[in-house]
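These are my notebook entries on a structure that was new to me. I set down what I looked up, in the order in which I looked.

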Amino acid sequence: MDSDIALNDLHEERQHDESYVLHNGLRRRVRANSEAPREFSLPEADGGRDAWLFLAGCFMVEALIWGFPFSFGVFQDYYLSHEPFASKPSGIAIIGTSSTGIMYLSCPILFAAFKRWPTIRRSFTLVGLVINATAIIAASFATKVSHLILTQGILYAIGGVMVYCPTIVFLDEWFIRRKGLAFGMMWAGTGVSGVVLPFIMSALLDKFGFRTTFRAYAVALVLLATPLLFFIRPRLPLAQTSLQRRLDMSFLRMSTFWIPQTCNIIQGLGYFIPNIYLPTYARSQGMSGAQATVMLALVNLGVVFGAIWAGALTDRMHVSSVMGICSIGAALAVFLFWGLSVSVPMLCLFSLLYGLTAGGFSANYTGIVQRVKDRDTAVDSGMVFGFLAAGRGIGAVVSGPLSEALLHMQTWKGEAKLGYGTGYGLLIVFTGITAIAGSGSWFARRVGWV
């Protein structure tokens, strides 16, 4: 009898002295007087100092990494008019599209790697930054267009995607209710950089040439980006015991994914063309180098506001509607203001409107991811996003050689009026048609396919 009482007392004491807590998805038993449970607390999501510092870091990293390839129109204009590249210019457009395209195309690979080995995510940002700087310095020694494709294009893309992908994974943890707005604000960094960087690069290229310009930017990139990596960190700690999960790829069988993805790929075929060709188009119409740079800067200025408003709308509206607004708006800007423009004011208006509308298209990715997860909550958000980015990458890679071929045809030159008769007419029409295709999800929703 006494032994039974003693055992019951011991059991009650242990119940009082021990409790169970949920930590990193694992149910663990801890002593009531242990400090571990009190030490474990997550930073606030959707707000608070840590979340906004993280988003500010993402904004700046986005500006530094993506701003460089999105300012490629200035470099193309320089390469076409300066040796050692002007005499053999074939393939110059591929430099810019290979850089952006490979960054997009590599996203699914890295997201899958992060799923398998989550501890590598933060270290990848630093390694990627080193590769970026190495690529830019290597490009400064180029003597052929092929050298630039390998360095400024491919190698830079490898480093860029290693820095970029962890920010996407971490941002998904830091922002939940305001996810669309947060992604839009981060992607606006590309636009801000695209407003400022073309003027800086144009001035440096004219005064010092491409070799010194590249080396100076490599140094600036390292000095500015390295401190920012401190803020690019996850909100959720890794579980001490990691249970590997099979990648859920069931979304690849959903029309909810494939219809927007098809629209995304087709829209990407034409999306990059104005960024590549606006400066050379402006020069062909007798505009100055400074005016040509303004056109590219205005596109990127539009992207700043386009990414934010489209991201905010995806938090409030069905994503197919936002895609339709972006796409139809971009098509109207192309057909009415680029196709009918040979003057500076009209081309400026086109540049701003195109950035404002087409520039918001990729902000719809968060809305597409959410619609897919509404169908199957087990789907991994990162993999869906990665495949959407890869779809944009397909368009970017193909648009380089395709746009060169279309421009070489010189269709309607001297026959049509205004912009359509400048030799760029086929490029203008192609860009407008692919923009319209981006609205396909809106029509698919009307018939119940999405």
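**Entry 1: Ala331**

I began with the contacts of Ala331 and, leaving aside its neighbours within four places in sequence, I found it touching Gly432, Ala435 and Ile436. I should record at once that the model is a predicted one. I located Ala331 in helix H13, which covers residues 319-338. Is Ala331 buried or exposed? Its relative accessibility is 5%, so I entered Ala331 as buried, the cut-off being under 20%. I also looked up its separation from Ala358: the two are 27 residues apart in sequence, and their C-alpha atoms lie 8.5 Å apart in space.

**Entry 2: The whole protein**

I then turned to the protein as a whole. I noted 18 helices and two strands. The protein has 450 residues, of which 53% are buried. For contacts between residues at least 6 apart in sequence, I recorded that 80% join residues at least 24 apart.

**Entry 3: Helices H4 and H9**

Next I examined a pair of helices, H4 (residues 72-79) and H9 (residues 179-228). Their axes are 10 Å apart, and the helices pack at an angle of about 50 degrees. An angle of this kind is neither under 35 degrees nor within 65 to 115, and I therefore described H4 and H9 as oblique to each other. The crossing in which H4 passes H9 is right-handed. Which residues make the contact? On H4 I listed Val74, Phe75, Tyr78 and Tyr79. On H9 I listed Pro198, Met201, Ser202, Leu205, Gly209, Phe210 and Phe214. Sorted by character, the residues of this contact comprise nine nonpolar, two polar and no charged.

**Entry 4: Ser140**

I went on to Ser140, which lies in the loop between helix H7 (121-139) and helix H8 (145-174). Its relative accessible area is 0%, so I counted Ser140 as buried. Not counting residues up to four places away in sequence, Ser140 touches Phe210, Arg211, Phe214 and Arg215. Among these, Phe210 and Phe214 also appear in the contact of H4 with H9. I further noted that the C-alpha atoms of Ser140 and Thr212 are separated by 7.2 Å, although the two residues are 72 apart along the chain.

**Entry 5: Thr151**

I found Thr151 in helix H8. With a relative accessibility of 12%, Thr151 counts as buried. Its contacts, not counting residues up to four places away in sequence, are Ala135, Ala138, Ala139 and Tyr156.

**Entry 6: Cysteines**

How many disulfides are there? I counted zero disulfides. I looked into Cys165, where the closest cysteine sulfur is that of Cys107, at 3.7 Å. Why is there no bond between them? A disulfide requires sulfur atoms within 2.5 Å, and the sulfur atoms of Cys165 and Cys107 are therefore too far from each other for a bond. I also noted that Cys165 is buried, its relative accessible area being 0%.

**Entry 7: Ser441**

My last search concerned Ser441, which is in helix H18 (residues 440-446). At 1% relative accessibility, I entered Ser441 as buried. What does Ser441 touch, leaving aside its neighbours within four places in sequence? I recorded contacts with Ile259, Pro260, Cys263, Ser320, Met323 and Val450.

Technical notes
Residues numbered from 1 in each chain as written. Predicted model: local features only at pLDDT ≥ 70, side-chain atom pairs only at ≥ 80, totals over all residues. Heavy atoms only, no water. Helix = DSSP H or I, 4+ residues; strand = E, 2+ residues; numbered from the N terminus. Buried < 20%, exposed > 50% of the residue type's maximum accessible area, 1.4 Å probe, protein only. Contact = heavy atoms within 4.5 Å. Axes fitted to C-alpha atoms, helices over the stretch in contact; angles between N-to-C directions. Parallel < 35°, antiparallel > 145°, perpendicular 65-115°, else oblique. Left-handed = near helix turned anticlockwise from the far one by under 90°. Nonpolar A, V, L, I, M, F, W, Y, C, P; charged D, E, K, R; others polar.
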